[in-house]
Amino acid sequence: MPEVFFVIPPGLETIAAKEASNVLALHSENLAKDGLVDFPEVTCDWHCVQFANRELRVPTRILVRLANFRATNFPELVKKSARIIWADYLSKNSTITIRTTCKKSKLYHSDAVTERVHKAIELQMGQRINLVKPKEENEATSIDQLIIVRLVNDNVEISIDSSGAPLYQRGYRLASAKAPIRENLAAAVVLASGWKFDQALIDPFCGSGTIPIEAALLQNQISPGDDRSFAFQNWPVFQKHTKYTPPPLPLSKPITNHRNNIYGSDRDAGAVQAAIENSQRAGVENHIQWNRHAFSDMPTSEQPGWIITNPPYGQRVSSNKDLRNLYAQFGKIVMNNFKDWQVVFLCSDIKLATQTQLKLKPLLKFSNGGIPVVAYTAKV
(Lines give C-alpha, C1' and ligand atoms only; values in the text may rest on other atoms or scores of the structure.)
Protein backbone atom coordinates (compact mmCIF):
# COMPACT_ATOMS: atom_id res chain seq x y z
CA MET A 1 0.00 0.00 0.00
CA PRO A 2 1.37 3.44 -0.86
CA GLU A 3 2.64 5.89 1.73
CA VAL A 4 1.01 9.25 1.00
CA PHE A 5 2.17 12.80 1.70
CA PHE A 6 0.23 16.02 1.11
CA VAL A 7 2.22 19.07 -0.03
CA ILE A 8 0.69 22.05 1.77
CA PRO A 9 1.27 25.81 1.42
CA PRO A 10 3.30 26.80 4.52
CA GLY A 11 1.02 28.12 7.23
CA LEU A 12 -1.95 26.00 6.21
CA GLU A 13 -0.79 22.68 7.65
CA THR A 14 -3.28 22.62 10.51
CA ILE A 15 -6.36 23.40 8.41
CA ALA A 16 -5.14 20.93 5.76
CA ALA A 17 -4.73 18.20 8.39
CA LYS A 18 -8.22 18.89 9.69
CA GLU A 19 -9.64 18.71 6.18
CA ALA A 20 -7.83 15.45 5.45
CA SER A 21 -9.08 14.03 8.73
CA ASN A 22 -12.67 14.94 7.89
CA VAL A 23 -12.63 13.95 4.23
CA LEU A 24 -10.45 10.85 4.37
CA ALA A 25 -11.23 9.76 7.95
CA LEU A 26 -7.55 10.01 8.91
CA HIS A 27 -5.98 11.11 12.17
CA SER A 28 -4.78 14.72 12.12
CA GLU A 29 -2.32 14.45 15.03
CA ASN A 30 0.59 13.41 12.81
CA LEU A 31 1.59 16.79 11.41
CA ALA A 32 4.93 17.09 9.65
CA LYS A 33 7.01 20.20 9.00
CA ASP A 34 8.24 21.72 5.74
CA GLY A 35 4.82 22.02 4.17
CA LEU A 36 4.03 18.31 4.34
CA VAL A 37 1.13 16.65 6.09
CA ASP A 38 1.71 12.92 6.30
CA PHE A 39 -0.26 9.95 7.57
CA PRO A 40 2.21 7.07 7.11
CA GLU A 41 0.54 4.97 9.80
CA VAL A 42 -2.68 4.86 7.77
CA THR A 43 -3.19 2.30 5.02
CA CYS A 44 -4.02 4.28 1.88
CA ASP A 45 -4.77 2.20 -1.20
CA TRP A 46 -4.82 3.45 -4.79
CA HIS A 47 -8.48 4.38 -4.55
CA CYS A 48 -7.56 6.57 -1.57
CA VAL A 49 -4.95 8.35 -3.71
CA GLN A 50 -7.60 8.91 -6.35
CA PHE A 51 -10.16 10.14 -3.84
CA ALA A 52 -7.70 12.48 -2.10
CA ASN A 53 -6.74 14.16 -5.37
CA ARG A 54 -10.35 14.72 -6.36
CA GLU A 55 -11.76 15.76 -2.99
CA LEU A 56 -9.15 17.70 -0.99
CA ARG A 57 -9.25 21.48 -1.40
CA VAL A 58 -6.13 22.74 0.42
CA PRO A 59 -3.11 20.63 -0.75
CA THR A 60 -0.93 21.70 -3.67
CA ARG A 61 0.12 18.16 -4.53
CA ILE A 62 -0.23 14.62 -3.25
CA LEU A 63 2.96 12.58 -3.29
CA VAL A 64 3.50 8.84 -3.05
CA ARG A 65 6.71 7.74 -1.35
CA LEU A 66 8.62 5.21 -3.44
CA ALA A 67 11.81 4.73 -1.41
CA ASN A 68 13.65 5.82 1.72
CA PHE A 69 17.28 4.81 2.15
CA ARG A 70 20.77 6.05 3.08
CA ALA A 71 23.35 6.88 0.43
CA THR A 72 26.78 8.44 0.92
CA ASN A 73 28.16 7.91 -2.60
CA PHE A 74 26.84 7.92 -6.15
CA PRO A 75 27.14 4.17 -6.89
CA GLU A 76 25.07 3.46 -3.77
CA LEU A 77 22.49 6.07 -4.84
CA VAL A 78 22.15 4.53 -8.32
CA LYS A 79 21.97 0.96 -7.00
CA LYS A 80 19.25 1.69 -4.43
CA SER A 81 17.27 4.00 -6.72
CA ALA A 82 17.20 1.25 -9.35
CA ARG A 83 15.41 -1.07 -6.91
CA ILE A 84 12.22 0.94 -7.42
CA ILE A 85 9.93 -0.71 -9.99
CA TRP A 86 9.79 2.39 -12.18
CA ALA A 87 7.73 0.60 -14.83
CA ASP A 88 4.83 0.73 -12.36
CA TYR A 89 4.73 4.52 -12.82
CA LEU A 90 6.34 5.31 -16.18
CA SER A 91 5.98 4.17 -19.78
CA LYS A 92 8.61 4.05 -22.49
CA ASN A 93 7.29 7.36 -23.84
CA SER A 94 7.21 9.21 -20.52
CA THR A 95 8.79 12.63 -20.15
CA ILE A 96 9.89 13.27 -16.58
CA THR A 97 11.37 16.00 -14.45
CA ILE A 98 13.22 15.45 -11.18
CA ARG A 99 13.26 18.09 -8.44
CA THR A 100 16.15 17.50 -6.08
CA THR A 101 17.12 19.17 -2.82
CA CYS A 102 20.21 18.30 -0.76
CA LYS A 103 20.88 19.36 2.84
CA LYS A 104 23.67 18.31 5.21
CA SER A 105 24.62 15.33 3.02
CA LYS A 106 27.80 14.04 1.42
CA LEU A 107 25.94 14.09 -1.89
CA TYR A 108 25.35 17.82 -1.89
CA HIS A 109 25.20 18.66 -5.62
CA SER A 110 21.53 18.48 -6.64
CA ASP A 111 22.19 18.30 -10.40
CA ALA A 112 24.55 15.35 -9.93
CA VAL A 113 21.98 13.57 -7.77
CA THR A 114 19.30 14.18 -10.40
CA GLU A 115 21.60 12.75 -13.07
CA ARG A 116 22.19 9.54 -11.03
CA VAL A 117 18.50 9.00 -10.24
CA HIS A 118 17.70 9.45 -13.93
CA LYS A 119 20.41 6.89 -14.73
CA ALA A 120 18.85 4.47 -12.21
CA ILE A 121 15.43 4.86 -13.83
CA GLU A 122 16.84 4.06 -17.27
CA LEU A 123 18.80 1.08 -15.90
CA GLN A 124 15.73 -0.39 -14.21
CA MET A 125 13.48 0.15 -17.23
CA GLY A 126 16.13 -0.87 -19.75
CA GLN A 127 15.52 2.08 -22.05
CA ARG A 128 15.97 5.81 -22.50
CA ILE A 129 13.62 8.09 -20.56
CA ASN A 130 13.30 11.71 -21.57
CA LEU A 131 14.30 14.13 -18.78
CA VAL A 132 13.53 17.85 -18.80
CA LYS A 133 14.66 20.52 -16.36
CA PRO A 134 12.19 21.43 -13.62
CA LYS A 135 10.22 24.66 -13.95
CA GLU A 136 8.54 26.91 -11.45
CA GLU A 137 5.38 25.54 -9.81
CA ASN A 138 2.98 27.66 -11.86
CA GLU A 139 4.78 27.45 -15.21
CA ALA A 140 3.19 25.49 -18.03
CA THR A 141 5.04 22.27 -18.75
CA SER A 142 4.78 19.30 -21.07
CA ILE A 143 6.10 16.71 -18.63
CA ASP A 144 4.16 13.54 -17.90
CA GLN A 145 5.61 12.91 -14.46
CA LEU A 146 7.25 14.83 -11.63
CA ILE A 147 9.65 12.99 -9.29
CA ILE A 148 10.80 14.51 -5.98
CA VAL A 149 14.19 13.61 -4.47
CA ARG A 150 15.21 14.90 -1.01
CA LEU A 151 18.54 14.27 0.70
CA VAL A 152 18.79 15.24 4.36
CA ASN A 153 21.65 13.96 6.55
CA ASP A 154 22.50 11.35 3.88
CA ASN A 155 18.96 9.98 3.97
CA VAL A 156 17.35 9.78 0.52
CA GLU A 157 13.61 10.07 0.04
CA ILE A 158 12.21 9.50 -3.45
CA SER A 159 8.58 10.37 -4.10
CA ILE A 160 6.40 10.59 -7.17
CA ASP A 161 3.73 13.22 -7.75
CA SER A 162 0.26 11.74 -8.21
CA SER A 163 -1.43 15.04 -9.06
CA GLY A 164 0.14 16.34 -12.26
CA ALA A 165 -0.80 20.01 -12.53
CA PRO A 166 -0.97 21.62 -9.05
CA LEU A 167 -4.28 20.86 -7.34
CA TYR A 168 -5.16 24.54 -7.06
CA GLN A 169 -5.58 24.52 -10.83
CA ARG A 170 -9.22 23.46 -10.68
CA GLY A 171 -9.84 24.37 -14.32
CA TYR A 172 -12.42 27.10 -13.88
CA ARG A 173 -10.24 30.20 -13.43
CA LEU A 174 -9.43 31.07 -17.04
CA ALA A 175 -10.52 34.67 -16.60
CA SER A 176 -8.52 36.59 -13.99
CA ALA A 177 -8.67 39.99 -12.33
CA LYS A 178 -5.74 41.78 -10.69
CA ALA A 179 -3.93 40.06 -7.79
CA PRO A 180 -6.07 36.89 -7.66
CA ILE A 181 -5.88 34.50 -4.74
CA ARG A 182 -5.13 30.88 -5.58
CA GLU A 183 -8.02 28.47 -5.33
CA ASN A 184 -6.57 26.34 -2.53
CA LEU A 185 -5.71 29.42 -0.46
CA ALA A 186 -9.25 30.73 -0.85
CA ALA A 187 -10.64 27.32 0.14
CA ALA A 188 -8.40 27.25 3.22
CA VAL A 189 -9.62 30.68 4.34
CA VAL A 190 -13.27 29.65 3.91
CA LEU A 191 -12.68 26.38 5.78
CA ALA A 192 -10.83 28.12 8.61
CA SER A 193 -13.46 30.86 8.91
CA GLY A 194 -16.05 28.49 10.36
CA TRP A 195 -18.67 29.68 7.88
CA LYS A 196 -22.03 27.94 8.33
CA PHE A 197 -23.45 27.01 4.95
CA ASP A 198 -26.98 28.18 5.73
CA GLN A 199 -25.80 31.70 6.54
CA ALA A 200 -24.84 34.48 4.14
CA LEU A 201 -21.31 34.89 2.82
CA ILE A 202 -20.32 38.21 1.25
CA ASP A 203 -17.11 39.08 -0.61
CA PRO A 204 -17.13 42.84 -1.36
CA PHE A 205 -13.72 42.76 -3.12
CA CYS A 206 -14.40 39.60 -5.12
CA GLY A 207 -12.00 40.19 -8.03
CA SER A 208 -12.28 37.18 -10.33
CA GLY A 209 -14.51 35.46 -7.79
CA THR A 210 -12.28 32.80 -6.28
CA ILE A 211 -13.50 33.09 -2.67
CA PRO A 212 -17.26 32.95 -3.49
CA ILE A 213 -16.66 30.14 -6.02
CA GLU A 214 -14.67 28.03 -3.56
CA ALA A 215 -17.38 28.68 -0.94
CA ALA A 216 -20.08 27.54 -3.37
CA LEU A 217 -18.13 24.38 -4.29
CA LEU A 218 -17.75 23.58 -0.61
CA GLN A 219 -21.36 24.39 0.27
CA ASN A 220 -22.74 22.21 -2.54
CA GLN A 221 -20.27 19.36 -1.98
CA ILE A 222 -18.83 19.66 -5.49
CA SER A 223 -15.43 17.99 -5.71
CA PRO A 224 -12.67 20.46 -6.65
CA GLY A 225 -11.08 17.89 -8.96
CA ASP A 226 -14.21 16.87 -10.86
CA ASP A 227 -13.21 18.53 -14.14
CA ARG A 228 -9.50 17.75 -14.41
CA SER A 229 -7.12 14.86 -14.95
CA PHE A 230 -4.30 13.60 -12.74
CA ALA A 231 -0.88 12.03 -13.23
CA PHE A 232 -1.77 8.82 -11.36
CA GLN A 233 -4.39 7.94 -13.98
CA ASN A 234 -1.55 6.98 -16.35
CA TRP A 235 0.31 4.79 -13.87
CA PRO A 236 0.30 1.08 -14.79
CA VAL A 237 0.20 0.18 -11.08
CA PHE A 238 -2.94 2.28 -10.55
CA GLN A 239 -4.65 0.82 -13.60
CA LYS A 240 -3.74 -2.69 -12.48
CA HIS A 241 -4.96 -2.39 -8.89
CA THR A 242 -8.19 -0.53 -9.65
CA LYS A 243 -9.29 -2.34 -12.80
CA TYR A 244 -11.47 -4.95 -11.13
CA THR A 245 -12.26 -3.39 -7.77
CA PRO A 246 -14.82 -0.64 -7.23
CA PRO A 247 -13.77 2.49 -5.30
CA PRO A 248 -14.61 2.27 -1.57
CA LEU A 249 -15.81 5.87 -1.51
CA PRO A 250 -17.97 7.83 -3.98
CA LEU A 251 -16.00 10.04 -6.34
CA SER A 252 -18.77 12.62 -6.51
CA LYS A 253 -21.51 13.66 -4.13
CA PRO A 254 -25.06 14.84 -4.77
CA ILE A 255 -25.48 18.59 -4.78
CA THR A 256 -27.27 19.78 -1.67
CA ASN A 257 -29.93 22.40 -2.32
CA HIS A 258 -28.96 25.45 -0.27
CA ARG A 259 -30.48 28.89 -0.53
CA ASN A 260 -28.73 31.38 -2.76
CA ASN A 261 -26.80 33.07 0.05
CA ILE A 262 -23.33 33.73 -1.43
CA TYR A 263 -22.73 37.24 -2.72
CA GLY A 264 -19.73 38.60 -4.64
CA SER A 265 -19.21 42.17 -5.74
CA ASP A 266 -16.48 44.46 -7.04
CA ARG A 267 -16.38 48.00 -8.34
CA ASP A 268 -14.47 46.85 -11.45
CA ALA A 269 -16.74 45.68 -14.28
CA GLY A 270 -14.02 43.50 -15.80
CA ALA A 271 -13.49 41.70 -12.52
CA VAL A 272 -17.20 40.98 -12.11
CA GLN A 273 -17.42 39.65 -15.67
CA ALA A 274 -14.40 37.40 -15.00
CA ALA A 275 -16.08 36.15 -11.82
CA ILE A 276 -19.28 35.34 -13.68
CA GLU A 277 -17.41 33.40 -16.37
CA ASN A 278 -15.34 31.52 -13.80
CA SER A 279 -18.44 30.56 -11.80
CA GLN A 280 -20.07 29.25 -14.96
CA ARG A 281 -17.07 27.01 -15.68
CA ALA A 282 -17.13 25.83 -12.06
CA GLY A 283 -20.83 24.97 -12.35
CA VAL A 284 -21.89 27.22 -9.46
CA GLU A 285 -23.24 30.25 -11.33
CA ASN A 286 -26.71 29.61 -9.91
CA HIS A 287 -25.41 29.57 -6.34
CA ILE A 288 -23.75 33.01 -6.30
CA GLN A 289 -25.19 36.50 -6.72
CA TRP A 290 -22.76 38.78 -8.61
CA ASN A 291 -22.98 42.56 -8.71
CA ARG A 292 -20.85 45.52 -9.67
CA HIS A 293 -20.65 48.22 -6.99
CA ALA A 294 -18.33 49.71 -4.39
CA PHE A 295 -17.93 47.97 -1.04
CA SER A 296 -19.86 50.83 0.57
CA ASP A 297 -22.97 49.51 -1.18
CA MET A 298 -22.76 46.01 0.29
CA PRO A 299 -26.23 44.55 0.86
CA THR A 300 -27.35 44.39 4.47
CA SER A 301 -29.18 41.53 6.11
CA GLU A 302 -31.17 41.14 9.31
CA GLN A 303 -29.60 37.72 9.83
CA PRO A 304 -25.87 37.52 10.73
CA GLY A 305 -23.43 35.94 8.33
CA TRP A 306 -19.80 36.11 7.16
CA ILE A 307 -17.81 38.68 5.22
CA ILE A 308 -14.79 36.89 3.75
CA THR A 309 -12.65 38.94 1.39
CA ASN A 310 -9.22 39.73 -0.05
CA PRO A 311 -9.09 43.55 -0.28
CA PRO A 312 -6.22 45.51 -1.86
CA TYR A 313 -3.26 45.80 0.51
CA GLY A 314 -0.92 48.14 -1.25
CA GLN A 315 1.26 45.69 -3.16
CA ARG A 316 0.97 44.70 -6.83
CA VAL A 317 -2.38 46.48 -7.34
CA SER A 318 -2.18 49.80 -5.49
CA SER A 319 1.44 50.09 -4.49
CA ASN A 320 1.45 53.87 -4.81
CA LYS A 321 -1.87 54.53 -3.14
CA ASP A 322 -2.67 55.21 0.46
CA LEU A 323 -5.19 52.56 1.43
CA ARG A 324 -5.63 53.61 5.03
CA ASN A 325 -8.85 55.42 4.21
CA LEU A 326 -10.25 52.38 2.40
CA TYR A 327 -9.64 50.14 5.43
CA ALA A 328 -11.04 52.75 7.79
CA GLN A 329 -14.20 53.03 5.67
CA PHE A 330 -14.46 49.25 5.41
CA GLY A 331 -14.33 48.89 9.19
CA LYS A 332 -16.83 51.70 9.70
CA ILE A 333 -19.34 50.21 7.24
CA VAL A 334 -18.98 46.77 8.77
CA MET A 335 -19.52 48.03 12.31
CA ASN A 336 -22.50 50.19 11.29
CA ASN A 337 -24.30 47.76 8.99
CA PHE A 338 -23.23 44.24 9.95
CA LYS A 339 -23.74 43.84 13.66
CA ASP A 340 -23.09 40.26 14.90
CA TRP A 341 -21.40 39.29 11.62
CA GLN A 342 -18.07 37.49 11.42
CA VAL A 343 -15.44 39.25 9.30
CA VAL A 344 -12.39 37.58 7.74
CA PHE A 345 -10.03 39.54 5.49
CA LEU A 346 -6.47 39.21 4.19
CA CYS A 347 -3.85 41.90 4.67
CA SER A 348 -0.07 42.12 4.38
CA ASP A 349 0.33 45.13 6.69
CA ILE A 350 -0.82 45.19 10.31
CA LYS A 351 -0.95 49.01 10.18
CA LEU A 352 -3.48 48.82 7.36
CA ALA A 353 -5.47 46.07 9.07
CA THR A 354 -5.82 48.04 12.30
CA GLN A 355 -7.28 50.99 10.41
CA THR A 356 -10.55 49.03 10.45
CA GLN A 357 -10.82 49.54 14.24
CA LEU A 358 -12.10 45.97 14.46
CA LYS A 359 -10.97 43.67 17.27
CA LEU A 360 -8.76 41.49 15.12
CA LYS A 361 -7.36 38.03 15.73
CA PRO A 362 -4.96 36.27 13.33
CA LEU A 363 -6.61 33.24 11.80
CA LEU A 364 -4.05 32.04 9.22
CA LYS A 365 -0.63 33.16 7.98
CA PHE A 366 0.57 32.22 4.51
CA SER A 367 2.03 33.58 1.28
CA ASN A 368 -0.30 34.90 -1.41
CA GLY A 369 1.54 35.31 -4.69
CA GLY A 370 4.85 35.65 -2.87
CA ILE A 371 3.49 38.25 -0.41
CA PRO A 372 3.27 37.22 3.28
CA VAL A 373 -0.30 37.83 4.41
CA VAL A 374 -2.42 37.26 7.48
CA ALA A 375 -6.07 36.30 7.44
CA TYR A 376 -7.58 38.33 10.25
CA THR A 377 -10.92 37.52 11.84
CA ALA A 378 -13.22 39.65 13.98
CA LYS A 379 -16.69 39.36 15.45
CA VAL A 380 -18.56 42.64 14.88
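What follows is a walk through this structure, from the whole chain down to two single residues. Please keep in mind that the model is predicted.

Let's start with the overall numbers. The secondary structure of the chain comes to 10 helices and 14 strands. Of its 380 residues, 52% are buried. The chain exposes about 18100 Å² in total, and carbon and sulfur atoms supply 48% of that area. If you take the contacts with a separation of 6 or more, 78% of them are between residues 24 or more positions apart.

A good place to settle your eye is an open sheet. Seven strands form this sheet, in the order S10-S9-S8-S11-S12-S14-S13, and the pairing is mixed. At the edges you will find strand S10 (288-292) and strand S13 (361-368), each of which pairs on one side only. On average, neighbouring strands of the sheet are turned by 20 degrees against each other, direction ignored.

Now step through some of the pairings. Strand S8 (residues 201-203) runs parallel to strand S11 (residues 306-309), and the two are paired over two bridges. Here Ile202 has Ile307 of S11 as its bridge partner. S11 also pairs with S12 in the parallel sense, over four bridges, and in S12 the bridge partner of Ile307 is Val343. Ile307 is therefore a handy residue to select in your viewer, with a bridge partner in S12 as well as being the partner of Ile202.

The side chains of S11 deserve a look too. In a regular strand, side chains alternate between the two faces of the sheet. In S11, Trp306 and Ile308 point one way while Ile307 and Thr309 point the other way, and all are buried.

Towards the other end of the sheet, the pairing changes sense. S13 and strand S14 (residues 371-379) run antiparallel and are joined by seven bridges. Leu364, for example, has Ala375 in S14 as its bridge partner. These two strands form a hairpin with two residues between them, and Gly369 in the turn has a positive phi of about 60 degrees.

Next, add the helices. Helix H9 (residues 324-337) lies across S11 and S12, and runs at about 170 degrees to S12. Helix H5 (residues 183-193) also packs on the sheet, where it touches S11, strand S12 (342-347) and S13; the direction of H5 makes about 170 degrees with that of S13.

H5 has a helix partner as well. Two packed helices are described by the angle between their axes and the distance between the axes. For H5 and helix H6 (residues 210-219), the angle is about 65 degrees and the axes are 9 Å apart. Their crossing is right-handed. From H5, the contact involves Glu183, Ala186, Ala187, Val190 and Leu191, and from H6 it involves Thr210, Ile211, Glu214, Ala215 and Leu218. Sorted by character, the residues of this contact are seven nonpolar, one polar and two charged.

H6 itself is mostly covered, with 10 of its 10 residues buried. Among the buried residues are Glu214 and Gln219. The cover over the buried residues of H6 includes H5, S8, strand S9 (262-266), helix H8 (269-282), S10 and S11. Just after H6 comes Gln221, which takes a positive phi of about 55 degrees.

To finish, consider two residues in turn. Leu201 lies in strand S8. Is Leu201 buried or exposed? Leu201 counts as buried because its relative accessible area is 0%, and the cut-off for buried is under 20%. Not counting residues up to four places away in sequence, Leu201 touches Trp195, Ala215, Asn261, Ile262, Tyr263, Trp306 and Ile308. One of these, Ala215, is 14 residues away along the chain, with its C-alpha atom 8.3 Å from that of Leu201.

Asp227 lies in the loop between H6 and helix H7 (236-242). Its relative accessible area is 62%, so Asp227 is exposed, the cut-off for that being over 50%. Leaving aside neighbours within four places in sequence, Asp227 is in contact with Arg170 and Arg281. The C-alpha atoms of Asp227 and Arg54 are separated by 9.1 Å, although these residues are 173 residues apart along the chain.

Note on methods. Residues numbered from 1 in each chain as written. Predicted model: local features only at pLDDT ≥ 70, side-chain atom pairs only at ≥ 80, totals over all residues. Heavy atoms only, no water. Pairing = 2+ DSSP bridges. Axes fitted to C-alpha atoms, helices over the stretch in contact; angles between N-to-C directions. Contact = heavy atoms within 4.5 Å. Buried < 20%, exposed > 50% of the residue type's maximum accessible area, 1.4 Å probe, protein only. Areas by Shrake-Rupley, 256 points an atom, 1.4 Å probe, with all protein chains shown as cover. Left-handed = near helix turned anticlockwise from the far one by under 90°. Nonpolar A, V, L, I, M, F, W, Y, C, P; charged D, E, K, R; others polar.
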